2 protein chains.
Amino acid sequence: MRLAEISAATGVSVATLKYYLREGLLMPGEPTSATRSTYAAAHVERVRLVRAMLEIGGLSIADVKQVLAALDDPPSSVSELLGYAHSALPGPAPTGPPSPRVEELLTSLGWQVDPCSPARARLSTALDAAAAAGVPVTDERLLGYARACHGVAEVDLGYVASDARDTADMLRIAVVGTVMVDPVLVALRRLAQEAVSRELLG
Amino acid sequence: MRLAEISAATGVSVATLKYYLREGLLMPGEPTSATRSTYAAAHVERVRLVRAMLEIGGLSIADVKQVLAALDDPPSSVSELLGYAHSALPGPAPTGPPSPRVEELLTSLGWQVDPCSPARARLSTALDAAAAAGVPVTDERLLGYARACHGVAEVDLGYVASDARDTADMLRIAVVGTVMVDPVLVALRRLAQEAVSRELLG
């Protein structure tokens, strides 16, 4: 396959594909002459993944490189793999001591989460921002949201377990599925709000 | 209260407050002389709201103006109010005919949703994007996600019902709570994924 065919299959311009090649986001093709290379189906899949992470997931070039490095040299254990997936996803870097509220929540739910998981700091920041905007999330509500998110995560993990062809593919689904399903959940939440408000009104 | 005090209370610079005043995002104060005005606690609350919607919610100035217009002249019914809240929130405008998949989902769940709700188009776009990125959401998973989001919406609506002082405040909580709780849910989903993966591994 030539670069123009990759472009036709993915909708990404040849100029952008060359940029991905220069940045190391797309692996080089098989050279067929001094100026030409040939590409395979794996290149099409990689371009789709890079595009989704950059344009829809909002990851930086550096984040995407980190995800791709993990994909090319996958960790052996599944929990290590999820660690990679999460630390590669965009979000605030962990700062300062752990938030007592987040620690208490995890303890009361009995959730086992890596002490270094960036999602801890991310939750703490999001809770502070909601309080600053005049809509504080009480402990009771936070627990309600957490239980609902456990249901979301059960669907997520079923996804990874049933669709993955191998460990590398599991990482792909974990990372890309997490990023791409966020907007699905945002839309479902709004539809559900309308449905619940009508149920309450009778 | 003078503008400098509003600035100290909210962390928003005086220059930015003057910009909010010019744009009509902040209502004028009570004039005390030709060049001075005095401001009240309602101004502090409004500044916090505007800042949260602009900076954290990512709404455009036009979106924020639409929300504020609804706040200043609140609709009388709660369902009309939720319609305002949702149409004011950022997301893709409804385009083309309704997506058969979204219609089937709403029917199978028995959810009553306004045919013009922008969340329908938003869901359809998000599902197409996930499929294009190589992580298609099957019907079974979509149903699982929808059920979990119903749990989220129940917490959301409890929030609006218990904390709102009046109809205008209900709108404030519906809009700001929806926008500001999204990042809380994103963080909780990642923590839950880690917890569920450890539960599955035993």
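**Salt bridges and the two-chain interface**

At 38% relative accessibility, Lys65(A) counts as partly exposed. In this predicted model, the partner of Lys65(A) is Glu23(A), and the two form a salt bridge whose closest N and O atoms are 3.5 Å apart. Glu23(A) belongs to helix 2 (residues 14-23) of chain A and Lys65(A) to helix 4 (residues 61-72) of chain A, so the salt bridge ties together parts that are 42 residues apart in sequence. Glu23(A), with a relative accessibility of 28%, is also partly exposed, because the buried class ends under 20% and the exposed class begins over 50%.

A second pair within chain A is worth a look. Arg101(A) and Asp139(A) meet through their side chains in a salt bridge of 3.0 Å, N to O. Here too distant parts of the chain are linked, with Arg101(A) in helix 6 of chain A and Asp139(A) in helix 8 of chain A, 38 residues apart. Arg101(A) is partly exposed, its relative accessible area being 29%. Over all chains, the search of the whole structure finds 14 salt bridges, and the count between chain A and chain B is six.

Attention now turns to the interface. Contacts involve 73 residues of chain A and 73 residues of chain B. The size of an interface is often given as the accessible area lost when the parts come together. For chain A and chain B the buried area is about 6800 Å², with 70% of it on carbon and sulfur atoms. Polar contacts are found as well, in 20 residue pairs across the interface of chain A and chain B, both residues of each pair being at pLDDT 80 or more. On the side of chain A that touches chain B, two or more residues each come from helix 3 (41-56), helix 5 (78-88), helix 6 (100-109), helix 7 (118-132), helix 8 (139-163) and helix 9 (167-201) of chain A. Helix 9 of chain A gives the most, with 27 residues. By residue class, this side of chain A divides into 45 nonpolar, 13 polar and 15 charged residues.

How are the two copies placed relative to one another? A turn of 180° and a shift of 0.0 Å along the axis lay chain A on chain B with an RMSD of 0.1 Å. This is the relation of a two-fold axis. Among the residues of chain A, Ala148(A) comes closest to the rotation axis, at 2.6 Å for its C-alpha. The copies meet through the same surface, because 100% of the interface residues of chain A are also interface residues in chain B.

Several charged pairs cross between the chains. Asp182(A) and Arg189(B) meet in a side-chain salt bridge of 2.8 Å, N to O. This pair runs from helix 9 of chain A, which holds Asp182(A), to helix 9 (residues 167-201) of chain B, which holds Arg189(B). Both Asp182(A) and Arg189(B) are buried. Salt bridges with shared partners join Asp156(A), Asp182(A), Arg189(B) and Arg190(B) into one network. Arg190(A), in turn, forms a salt bridge with Asp182(B), with the closest N and O atoms 2.7 Å apart.

Helix 9 of chain A also holds Gln193(A). The side chain of Gln193(A) is joined to that of Asp156(B) by a polar contact of 3.0 Å. With a relative accessible area of 3%, Gln193(A) is buried.

Note on methods. Residues numbered from 1 in each chain as written. Chains lettered and ligands numbered in written order. Heavy atoms only, no water. Contact = heavy atoms within 4.5 Å. Buried area = accessible area lost by both parts, 1.4 Å probe. Salt bridge = Lys/Arg side-chain N within 4 Å of Asp/Glu carboxyl O. Polar contact = N/O pair within 3.5 Å; in protein donor to acceptor, adjacent residues only side chain to side chain. Helix = DSSP H or I, 4+ residues; strand = E, 2+ residues; numbered from the N terminus. Nonpolar A, V, L, I, M, F, W, Y, C, P; charged D, E, K, R; others polar. Least-squares fit on C-alpha atoms with pLDDT ≥ 70 in both. Buried < 20%, exposed > 50% of the residue type's maximum accessible area, 1.4 Å probe, protein only.
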